[in-house]
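This report describes the fold of one protein chain, moving from its overall form to a few of its strands and residues. Please keep the sequence and the structure in view while reading.

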Amino acid sequence: MRIDKLLANIGYGSRKEVKQLLKSGAVIVNGTPLKDAKEHVDPDHDQISVNGELVEYKEFVYLMMNKPPGVLSATEDARQETVLDILEPEDAVFNPFPVGRLDKDTEGLLLLTNDGQLAHRLLSPKKHVRKTYFAVIDGEVTEEDVKAFAQGVTLDDGYHTKPGDLNILKSGIRSDIELTITEGKFHQVKRMFESVGKRVVYLKRISMGNLKLDEELELGEYRELTDEELQSLQEHK
């Protein structure tokens, strides 16, 4: 990979700025100053430093975010804050994107990455990746609802959903539930409950595939996936 492309990719500035950095002698490769922007380097084997700081190159970034309500699961929006606006510059430089969407008012687990192949595997309907949500429901959720969801329910547009695994945690005027589905239709969880005459008043995604939300992450916080978490996601092939 060209040295100017590598350094620009990981946030050392534009190609033009990187060229100035190279000309100044600030870039050292294997102990020797490198000034030619067209020179190729191998980030896996060459030791590269900028102003004495060792460069760690990575092609992909994998971030787990506890998405806050009121923020869009989008890469950009002219009027509203998006999940990318939350990222620190050193993470934003990788141009990650959200894998799937959470509604604006929905909280919880959101994966952001620039690994298009992994995102495709996780979002492909053929892969049946399970997504689990915690929700507070206005109304008493019953065993009849559990049976209905297990058969799939018909949404307002006539679409019949795939079976969902509904678990009642607390039933009453307001009910706490967990619901696992393998689809991601628009507002699906809310519309599934509307189909049985109930309303979702709070919604939070707690897992996607084998990846579980880190409960230590406050709303709006994020971190890189551990090697174990990444491996568990990559098992969906």
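Helices, counted as runs of at least four residues, and strands, counted as runs of at least two, are DSSP assignments numbered from the N terminus. With those names, His 128 can be placed in the loop between α4 (116-123) and β8 (131-138). The model is a predicted one, and the values below are computed from it.

## The chain as a whole

The protein chain has 7 helices and 13 strands. Its radius of gyration is 22 Å, well over the 18 Å that the globule rule gives for 237 residues, so the chain is more spread out than a compact globule. Taken along the principal axes, the box filled by the C-alpha atoms is roughly 70 × 35 × 35 Å. Of the 237 residues, 46% count as buried, and the accessible surface comes to about 13000 Å², with carbon and sulfur atoms accounting for 46% of that area.

Among the contacts with a separation of 6 or more, 63% are between residues 24 or more positions apart in the protein chain. The chain carries 32 positive and 43 negative side chains, and the centres of these two sets are 6 Å apart.

## An open sheet of four strands

Strands of a sheet pair through backbone hydrogen bonds, in either a parallel or an antiparallel sense. One open sheet here consists of 4 strands in the order β2-β1-β3-β4, and the pairing is antiparallel. Its edge strands are β2 (32-33) and β4 (53-54), each of which pairs on one side only. Within this sheet, strand β1 (residues 27-29) is joined to strand β3 (residues 48-50) by 3 bridges, and the two run antiparallel; Val 29 has Ile 48 in β3 as its bridge partner.

The loop between β3 and β4 contains Asn 51, a residue other than glycine whose phi is nonetheless positive, near 50 degrees. Asn 51 has a relative accessible area of 63%, and because exposed means over 50%, this residue counts as exposed.

## Strand β11 and its partners

Which strands pair with β11, and in what sense? The table lists the pairings together with one pair of facing residues for each.

| Partner of β11 | Sense | Bridges | Facing residues |
|---|---|---|---|
| β7 (residues 107-113) | parallel | 2 bridges | Gly 108 and Arg 205 |
| β8 | antiparallel | 8 bridges | Tyr 133 and Arg 205 |
| β12 (residues 211-212) | antiparallel | 2 bridges | Ser 207 and Lys 212 |

Arg 205 of β11 therefore stands opposite Gly 108 and is also the bridge partner of Tyr 133, where pairing requires that DSSP finds at least two bridges between the strands. Strand β11 (residues 199-208) has 7 of its 10 residues buried, so it is largely enclosed by the rest of the structure. The strands β11 and β12 form a hairpin with 2 residues between them, and Gly 209 in the turn has a positive phi of about 60 degrees.

His 128, in the loop that comes between α4 and β8, has a positive phi of about 55 degrees although it is not a glycine. Its relative accessibility is 43%, and it counts as partly exposed because that class lies between the limits of 20% and 50%.

## Two buried residues

Asp 145 is found in helix α5 (residues 143-151). Is this residue buried or exposed? At 6% relative accessibility, Asp 145 counts as buried, because the limit for that class is under 20%. Once neighbours within four places in sequence are left aside, Asp 145 is in contact with Glu 140, Leu 166, Val 196 and Lys 198.

Ile 10 belongs to the loop between α1 (3-9) and α2 (15-23), and with a relative accessibility of 16% it likewise counts as buried. Leaving aside the neighbours within four places in sequence, the contacts of Ile 10 are Val 55, Tyr 57, Val 93 and Phe 94. The C-alpha atoms of Ile 10 and Glu 228, which are 218 residues apart along the chain, are separated by 24 Å.

Notes:
Residues are numbered from 1 along each chain as its sequence is written. This is a predicted model: local features need pLDDT of at least 70, side-chain atom pairs count only at pLDDT 80 or more; totals for chains, interfaces and linings use all residues. Side-chain values use heavy atoms; hydrogens and water are left out. The radius of gyration is taken over C-alpha atoms; the globule rule is 2.2 Å times the number of residues to the power 0.38. Buried means under 20% relative accessible area, exposed over 50%, partly exposed in between (1.4 Å probe, protein chains only). Contact means heavy atoms within 4.5 Å. Accessible areas come from the Shrake-Rupley method with a 1.4 Å probe; for residues, only the protein chains shown count as cover. Lys and Arg count as positive and Asp and Glu as negative; His and the chain ends are not counted. The place of a charge is taken as NZ of Lys, CZ of Arg, CG of Asp or CD of Glu.
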